[in-house]
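Reader: I work at the bench and want a close look at one part of this protein. Please take the annotated binding-site positions and show me what surrounds them.

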Amino acid sequence: MAQQPQQSTTSTPVELTVKPRPGQLTFDAPRRGKPPRHLADFDMAGRREFLAEMGHQPFRAGQLSRHYFDRFATAPEDMTDLPAAGREELVSQALPTLLTTVRSLEADQGDTVKNVHRCFDGATVESVLMRYTHRVTMCISSQAGCGMNCPFCATGQAGLTRNLSTAEMVEQVVQGARMLRGGRVGRAEQEPLRISNIVFMGMGEALANYKASIGAIHRLIDPSPEGLGISARGITMSTVGLVPGIRKFTQEKLPVTLALSLHAPDDELRDELIPINTRWKVDEALDAAYDYYQATGRRVSIEYALIRDINDHGWRADLLGEKLNARGGGWVHVNPIPLNPTPGSKWTASRPGVEQNFVERLRAHGIPTTVRDTRGSDIDGACGQLAATV
Ligand code: SF4
């Protein structure tokens, strides 16, 4: 069963985000307001300082962290190891409500759940939980909206509202973990599972919100009670090709997978499909991705949404294969993704035979290629659809 929608607690009206002109990139979020600070914004040392600043005992950081990161608890009545006097105030200051779930939609017999969350300022963001036989993948948002303006993407067309805080990203995962633990994802007879994989492929370009996204990765992978203790190898950082961001991320030397949304191997088409390509070209993005592989040993994923008659030609598969092989072998694999049509869009998925041909031509170049499934496409929870029907 999906979580029942809760009533929003915010009375702040939603500001309208200005829609971008075609090709316009937005790096600076127009909305400056910040969500309340939260325990998950900080590492353990920062949590102690945060609590001390508010007049609380710094050692409460450990207790609160165990409640939040181990037990996914946020209700004061569940924290009986904290003194009753002042408990409510402590918890409301350290763990303020950041996201209120206003809508939950199910697909795939309940194995896929999309949650729509309302933030403190009325902005909405989305996360998707996908349950498979032995793993659970969660797709989270890093920004409200997105400034990268890819013309085939519903999120990009709506524009960028603001960056999410570290805690707002972590809270999406904690809410998902709580749903899983409560048996609210999948069927009753299925064994409970933990979240094993996180992909930063929801709303937003995570590398454009760099500091908060790196903070979130640390909260996800740090061992309990500092973080959620999810394996870094289960995390995928997705980018549309922000080359300076990829280079900076490489320096972090985290064993996280990098996914580069390429969608075209030639600049002429990519300039049109992915406006960021007007700043950093295909070869620069591929060089940065290759260097990421060299520094981390993690094989890079190239994401390629197959769009009918736009980028699905055999010669483009060959060109992609050649460009990847020119940089070395075994460093990359390609995920062609059938495009999820969004309402009113001229962009649509490739014909099945064309998709198969594209895959075979890449394989003929020795490139490991796997067509990605499009879980959740009937609830607009697949890539490029997250702002389609909020
Ligand atoms: S495809 Fe990704 S980067 Fe492009 S607009 Fe959509 S969310 Fe942003």
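Author: What follows starts with the chain as a whole, turns to the annotated positions, and ends with the core and two helices.

This is a predicted model, in which local features need pLDDT of at least 70 and side-chain atom pairs count only at pLDDT 80 or more, while totals for chains, interfaces and linings use all residues. Residues are numbered from 1 along each chain as its sequence is written.

First, the overall picture. The chain has eleven helices and eleven strands. Both are DSSP runs, numbered from the N terminus: helices are H or I with at least four residues, strands are E with at least two. Of the 390 residues in the chain, 47% are buried. Buried means that 20 or more other C-beta atoms lie within 10 Å of the residue's own; exposed means 12 or fewer; partly exposed is in between; C-beta atoms are placed from the backbone. Contacts need C-beta atoms, again placed from the backbone, within 7 Å. Among contacts with a separation of 6 or more, 70% join residues 24 or more positions apart.

Now the cysteines. In an unreviewed entry, UniProt marks Cys-146, Cys-150 and Cys-153 as "binding site". UniProt positions are given in the numbering used here, feature names are shortened, and annotations may be inferred rather than shown by experiment. Cys-146 sits in the loop between strand S5 (143-145) and helix H4 (154-158). Cys-150 lies in the loop between S5 and H4. Cys-146 is buried, with 28 other C-beta atoms within 10 Å. Cys-150 has 23 such neighbours inside 10 Å, so Cys-150 counts as buried.

Their contacts come next, leaving aside neighbours within four places in sequence. Cys-146 touches Thr-155, Gly-156, Leu-160, Met-203, Gly-204 and Glu-205. Cys-150 meets Gly-156, Val-240, Leu-273, Ile-274 and Pro-275.

A further "binding site" annotation comes from UniProt, also in an unreviewed entry. The record lists Gly-204, Glu-205, Ser-238, Ser-261, Leu-262, His-263 and Asn-340. Take Glu-205. The loop between strand S7 (197-200) and helix H6 (210-221) holds Glu-205. Glu-205 has 28 C-beta neighbours inside 10 Å, so Glu-205 counts as buried. Beyond four places in sequence, Glu-205 is in contact with Gln-143, Cys-146, Gly-147, Met-148, Thr-239, Val-240 and Leu-242. Cys-146 is on that list, and Cys-146 is also one of the annotated cysteines.

Leu-262 comes from the Glu-205 annotation. Leu-262 is placed in the loop between strand S9 (257-261) and helix H8 (267-273). With 26 C-beta neighbours inside 10 Å, Leu-262 counts as buried. Leu-262 touches Ile-302, Glu-303 and Tyr-304, not counting residues up to four places away in sequence.

Next, the core. In soluble globular proteins, nonpolar side chains tend to be buried together. Here the largest nonpolar core has 99 residues. Such a core is a set of buried Ala, Val, Leu, Ile, Met, Phe, Trp, Tyr and Cys residues joined through C-beta atoms within 7 Å. Val-173, Leu-220 and Ala-289 have the most contacts inside this core. Helix H5 gives the most to this core, with eight residues. Domain 1 (39-95) and domain 2 (99-365) both give residues to this core, so it lies between them. The domain bounds come from an automatic or database domain assignment. Ala-289 touches Ile-246, Leu-258, Leu-260 and Val-300, not counting residues up to four places away in sequence.

H5 covers residues 166-181. From first C-alpha to last, H5 reaches 23 Å, close to the 22 Å expected at 1.5 Å a residue. The expected span is 1.5 Å times one less than the number of residues. Of the 16 residues of H5, 14 are buried, so H5 is largely enclosed by the rest of the structure. Gly-183 follows H5, with a positive phi near 70°.

Helix H10 shows two faces. The buried residues of H10 are Ala-317, Leu-320, Gly-321 and Leu-324. They cover an arc of only 100° around the axis, which puts them on the same side of H10. The arc is that of the directions from the helix axis to the C-beta atoms. These buried residues pack against strand S11 (332-338) and helix H11 (352-364). Trp-315, Glu-322 and Ala-326 are exposed, on the face of H10 turned away from its buried side.

Note on methods
Contact = placed C-beta atoms within 7 Å.
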